[in-house]
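Trainee: Got a minute to go through a structure with me? I'd like to start with the overall make-up and then look at some packing.

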Amino acid sequence: MAVVTDRLGIAIAGRQIVKDVHLEIHDGQRVGLIGSSGSGKSMIARAMMGLLPPGTDVSGTIDLNGEQVVGMRDADLAALRGAAVGMVFQNPGISLNPLLTVGQQIALPLRLHYALSREELGQRVRAMMTRAGLPEELIDRRPHQLSGGQQQRVGIACALVASPRLIIADEPTTALDSLTQRQIVDLLVSLVDEAGASMLFITHDFSVLAHATQYCYVLDAGRIVEHGATAALLESPASETGERLVMAAQQLTLHRGKGDDDGRA
Amino acid sequence: MTDTATRMRRIRIVLSSMWRQPAGKYSLTVLGLWIAVSLVSLCWTPYDLMETDGYHVWQAPSASHWLGTDGTGADVFSWLMAGSRTDLVIVVLTVLFSAALGLLLVAAMVSRSGALAHGSVVAIDALISIPTVLIALMLAVPMGASVAVIVLACGFGYGLNLARVARPQALLAANSMYVESARANGASAPRVFLTHVVPNIMPVVVVQCSLSAGTAVLAESGLTYLGVGVPSGVPSWGHSLATSVKFININPQTVLWPGLLVTLMVVALNLFGDALRDAMDPLANPQLRRA
């Protein structure tokens with residue numbers, strides 16, 4: 001799915017959070033959006049999903065394959081979410097309903113968008129669990145009975161089960177340990193590529209971005225300050241913010257172990 | 001996936017957990033007996049309710065009249081048996097009405113429309129100040145004394161109360177990340193509320209409903225005594241109390257039996273709510289966590 005935001009502005013209670021953002025994601029492309037905390041990354045993601053809090057002013061345009069998201073009716077947005085655009089959240093521990101089982105959580109987008117029989121639903125859920133690396137015996141478990149990595153795998157399965165054409169991953173590895181981060185990024189990338197979908201990967205960590213994306217945008221105080229191929233941007237960031245983020249990633253040996261085969265981080 | 005078998009297993013676990021607590025055991029026994037007696041009274045009572053015996057008024061309990069007779073010579077046990085089903089109907093209808101109204105108001109209070117949310121909070125705060133008795137008296141003007149007056153008046157008052165008590169928990173759920181996640185999956189506002197908010201506020205709703213049920217039994221007695229509740233001739237515990245209280249100096253025991261029943265039922269209903277909440281809480285019930 002191709003996405004273009006043009007002159008996107010987001011203001012909450014008169015305070016401009018995001019200013020004049022132009023961002024493009026081509027069909028099948030994995031694009032990163034990086035910036036420090038509070039730079040407005042998640043706001044852009046939520047604007048693409050039409051999930052901004054009430055009272056938020058949005059200006060500019062967000063074009064999802066020809067459909068204009070800004071100003072779209074709630075019912076049309078609901079039809080788009082889950083089916084055309086899937087979202088993976090930052091903290092899987094709190095983004096999964098504590099009362100629903102793994103099977104029920106993954107089945108939710110399918111129930112909402114497709115009229116499937118009980119058997120078909122079960123088959124699709126089990127198939128998605130296998131693809132997400134979740135053993136079938138976890139199907140009746142509840143979120144608190146899973147590890148952080150398993151919880152995020154469930155989150156990824158929920159986002160991908162209805163075969164959306166765009167995945168928005170909003171800091172999906174922040175709440176995880178470094179080893180699990182790598183596994184989750186690899187899983188997400190392989191599933192997105194396998195489905196031929198596009199992905200917007202949001203993070204404040206360049207070392208994670210290097211593995212997940214081909215192109216990236218650097219956001220600072222609500223504005224895009226730099227964009228380009230991720231590898232090139234990591235080599236020689238042009239903006240001050242980009243340089244700071246790259247330096248931080250390089251200094252954090254936590255992500256820089258020998259396991260990082262490409263050596264960019 | 002949770003299927004019917006899993007659901008049944010969870011119900012069995014909840015009931016057995018309740019049975020292990022003394023309060024749960026008491027409430028389940030008393031409420032079970034109440035339902036059983038109500039059902040039996042549909043087809044059998046020791047004496048016909050209209051059967052009176054002027055020669056045997058104010059009789060003490062005996063083998064022929066287990067709880068004695070009242071001032072008309074009618075069998076007290078038969079009237080209390082028949083009254084149990086009226087009170088049961090009142091309790092069930094009041095709880096259903098108050099829960100439906102309360103949840104509807106909670107939905108309005110946690111809606112994403114600021115005007116609706118704010119307006120419903122203000123409206124509830126204003127309406128909750130009207131006493132249930134006053135609502136019942138106002139309803140009785142066009143409707144006369146009837147079971148519907150008790151159900152509507154109590155259900156309205158308890159529904160407002162439920163909404164106000166459940167609001168903080170509902171706001172927490174409505175603003176949670178799992179609700180955001182459900183919306184990101186395409187769930188509509190009504191579906192989000194029913195599937196994600198309501199199940200997460202059930203412990204509060206269950207306790208409020210059990211308190212409402214207990215208070216409905218008391219309200220039935222009070223409103224019937226005032227003449228706006230169960231109409232004359234329809235058996236109910238409130239009716240038995242109202243007709244016998246005038247003769248408390250002549251024969252105190254005819255007041256004792258319905259009074260005792262009302263007390264036992266109110267205690268059982270209140271304890272039932274507490275025990276059910278504890279048994280339904282996955283954090284407090286490890287068996288349920290594993291189910």
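Mentor: We will take chain B, then a helix pair, then an annotation on chain A; keep in mind that this is a predicted model.

Trainee: How many helices and strands does chain B have?

Mentor: Chain B has eleven helices and zero strands. Read from the N terminus, its elements run α-α-α-α-α-α-α-α-α-α-α.

Trainee: What box do its C-alpha atoms fill?

Mentor: Along the principal axes, the box for chain B is roughly 75 × 45 × 30 Å. The chain has 291 residues, and 42% of them count as buried.

Trainee: And what share of the contacts joins residues at least 24 apart?

Mentor: In chain B it is 68%, taken among contacts between residues at least 6 apart in sequence.

Trainee: Now the helix pair. At what angle do α6 and α8 of chain B pack?

Mentor: About 155°, with the axes 9 Å apart. Helix α6 of chain B spans residues 147-174, and helix α8 spans residues 189-226.

Trainee: Why is α6(B) described as roughly antiparallel to α8(B)?

Mentor: Because angles over 145 degrees count as roughly antiparallel, and this pair packs at about 155°.

Trainee: Left-handed or right-handed crossing?

Mentor: The crossing of α6(B) and α8(B) is right-handed. The residues of their contact divide into 16 nonpolar, seven polar and one charged.

Trainee: Switching chains: what does UniProt annotate on chain A?

Mentor: An unreviewed UniProt entry carries the annotation "domain: ABC transporter" for residues 3-246 of chain A.

Trainee: How much helix and strand is there over residues 3-246?

Mentor: That stretch of chain A is 40% helix and 27% strand, and its end C-alpha atoms are 26 Å apart.

Key. Residues are numbered from 1 along each chain as its sequence is written. Chains are lettered from A and ligands numbered from 1 in the order in which they are written. This is a predicted model: local features need pLDDT of at least 70, side-chain atom pairs count only at pLDDT 80 or more; totals for chains, interfaces and linings use all residues. Axes are lines fitted to C-alpha atoms, for helices over the stretch in contact, and angles run from 0 to 180 degrees between N-to-C directions. Helices (H or I, at least four residues) and strands (E, at least two) are DSSP runs, numbered from the N terminus. A crossing is left-handed if the near helix is turned anticlockwise from the far one by less than a right angle, and right-handed if clockwise. Ala, Val, Leu, Ile, Met, Phe, Trp, Tyr, Cys and Pro count as nonpolar, Asp, Glu, Lys and Arg as charged, and the others, Gly among them, as polar. A residue is buried if 20 or more other C-beta atoms lie within 10 Å of its own, exposed if 12 or fewer, and partly exposed in between; C-beta atoms are placed from the backbone. Two residues are in contact if their C-beta atoms, placed from the backbone, lie within 7 Å. UniProt positions are given in the numbering used here, feature names are shortened, and annotations may be inferred rather than shown by experiment.
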